[in-house]
Number of protein chains: 2
Amino acid sequence: MGRILKYSKQRDLVLKTLQENVVHPTADFVYAKAKEHNPNISLATVYRNLNQLVESGDIKKINGLDNMAHFDHNTHKHFHFICTKCGKIFDMPYDIVPELNTKPAEQKGLIIESYDISFHGICPDCRDNH
Amino acid sequence: MGRILKYSKQRDLVLKTLQENVVHPTADFVYAKAKEHNPNISLATVYRNLNQLVESGDIKKINGLDNMAHFDHNTHKHFHFICTKCGKIFDMPYDIVPELNTKPAEQKGLIIESYDISFHGICPDCRDNH
DNA sequence: AACAATAATGATAATCATTATTAATTTTGG
DNA sequence: CCAAAATTAATAATGATTATCATTATTGTT
């Protein structure tokens, strides 16, 4: 079981930093932003708290975009669109995908509990600015 | 542009190793298997050739499962099911997902070029062997 | 308010997957 | 066979993330 969490200003700051940034930042970005409010905060503390917040379900981790983990304060079910030019991440509504036919999976004996979708393409900025 | 590829026994071995293993192995696994046929092959050579084969479209790279890249000799369009217990990866047919409604994305100015879906759940083995 | 138990921090070392470097070898076309 | 260029093996380097550890902060209880 996870150990009992005690309050900490740093964890609070990490969470607020994530919530105040619409982007889907990396640990490094959160570290830089958090430092503006607490110059003494350590990178390890940011990593530790991000992981704890993921563990507790307060935020989500996004893997596989580049070689860094990104973090998302939006815990509602949704998907992501990643621009293949600039790498920025956009949210996509959950209902873009209709009900799936899980029969083929069930026939194989697979029990589907969830699914993630990542869309790839070009964002408005990269389309317009050539 | 990519440079001209010359034949190499090692690249051949890496590709064959991938094709002969139904699993979706990591570079480490390919390295271990390839070593059985060529004990002198280097890990860097395996990485280099895996990346070249991805580049040339002969294989695909799967990111975001764990902290390691997995490789897939199946270049047909398909999705993946990852068992949350054992981590094994299973193929899912492409037609499990019906046509998507891309209107919401287009209204935001996003141009969708492709999408990946990863299913998560329990595989038959992990379900049966409790 | 002081105490004891334990979680959290900051600083930094360690880890681990992947990539870069480089001298020697292999491939390929002429 | 030759020369140009790609490939290799071995290993160092990189970069994100995690572990370690002495010190500090939090929390519940006297």
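Which residue is the bridge partner of H120(A) in β5(B)? The bridge partner is S114(B). This report describes the strand pairing around that bridge, then the contact between the chains, the surfaces near DNA and two helix packings.

The model is predicted: local features need pLDDT of at least 70, side-chain atom pairs count only at pLDDT 80 or more, and totals for chains, interfaces and linings use all residues. Residues are numbered from 1 along each chain as its sequence is written, while chains are lettered from A and ligands numbered from 1 in the order in which they are written.

**The sheet**

Helices (H or I, at least four residues) and strands (E, at least two) are DSSP runs, numbered from the N terminus. Two strands pair if DSSP finds at least two bridges between them. On these terms, 6 strands form an open sheet with mixed pairing, in the order β4(A)-β3(A)-β5(A)-β5(B)-β3(B)-β4(B). The edges are taken by β4 (89-92) of chain A and β4 (89-92) of chain B; each has a single partner strand, so one side of each is left without a neighbour in the sheet. On average, neighbouring strands of this sheet are turned by 30 degrees against each other, direction ignored.

In the middle of that order, β5 (residues 111-122) of chain A pairs with β5(B) in the antiparallel sense, over 11 bridges. Here I117(A) stands opposite I117(B), and H120(A) has S114(B) as its bridge partner. Within chain B, strand β3 (residues 79-83) runs parallel to β5 (residues 111-122) and is joined to that strand by 4 bridges. H80(B) has its bridge partner S118(B) in β5(B), and C83(B) stands opposite G121(B) of β5(B).

**Contact between the chains**

Two residues are in contact if their C-beta atoms, placed from the backbone, lie within 7 Å. By this rule, 30 residues of chain B touch 30 residues of chain A. On the chain B side, β4, α4 (103-107), β5 and α5 (124-128) each supply at least two residues. Strand β5(B) gives the most to this side, with 12 residues. The side of chain B that touches chain A has 19 nonpolar, 8 polar and 3 charged residues. In this classification Ala, Val, Leu, Ile, Met, Phe, Trp, Tyr, Cys and Pro count as nonpolar, Asp, Glu, Lys and Arg as charged, and the others, Gly among them, as polar.

**Surfaces near DNA**

A residue is near a strand of DNA if its C-beta atom, placed from the backbone, lies within 6 Å of it. The surface near DNA strand C draws at least two residues from each of α1 and α3 of chain A and α3 of chain B. For DNA strand D, the elements giving two or more residues are α3 (43-55) of chain A together with α1 (9-20) and α3 (43-55) of chain B.

| DNA strand | Surrounding residues | Closest residues | Element giving the most |
|---|---|---|---|
| C | 27 residues | S8(A), Q10(A), T45(A), Y7(B), A69(B) | α3(A), 5 residues |
| D | 27 residues | Y7(A), A69(A), S8(B), Q10(B), T45(B) | α3(B), 5 residues |

By class, the surface near DNA strand C has 11 nonpolar, 10 polar and 6 charged residues. The surface near DNA strand D divides into 11 nonpolar, 10 polar and 6 charged.

**Two helix packings**

Two packed helices are described by the angle between their axes and the distance between the axes. Axes are lines fitted to C-alpha atoms, for helices over the stretch in contact, and angles run from 0 to 180 degrees between N-to-C directions.

In chain A, helix α1 (residues 9-19) packs on helix α2 (residues 27-37) at an angle of about 115 degrees, with the axes 9 Å apart. That makes α1(A) roughly perpendicular to α2(A). Angles under 35 degrees count as roughly parallel, over 145 as roughly antiparallel, 65 to 115 as roughly perpendicular and the rest as oblique. The contact joins L13(A), V14(A), T17(A) and L18(A) of α1(A) to V30(A), K33(A), A34(A) and H37(A) of α2(A). This contact has 5 nonpolar, 2 polar and 1 charged residues.

In chain B, the axes of helix α2 (residues 27-37) and α3(B) come within 9 Å and cross at roughly 120 degrees. The helices α2(B) and α3(B) are therefore oblique to each other. A27(B), V30(B), Y31(B) and A34(B) of α2(B) meet L43(B), V46(B), Y47(B) and L50(B) of α3(B). The residues of this contact divide into 8 nonpolar, no polar and no charged.
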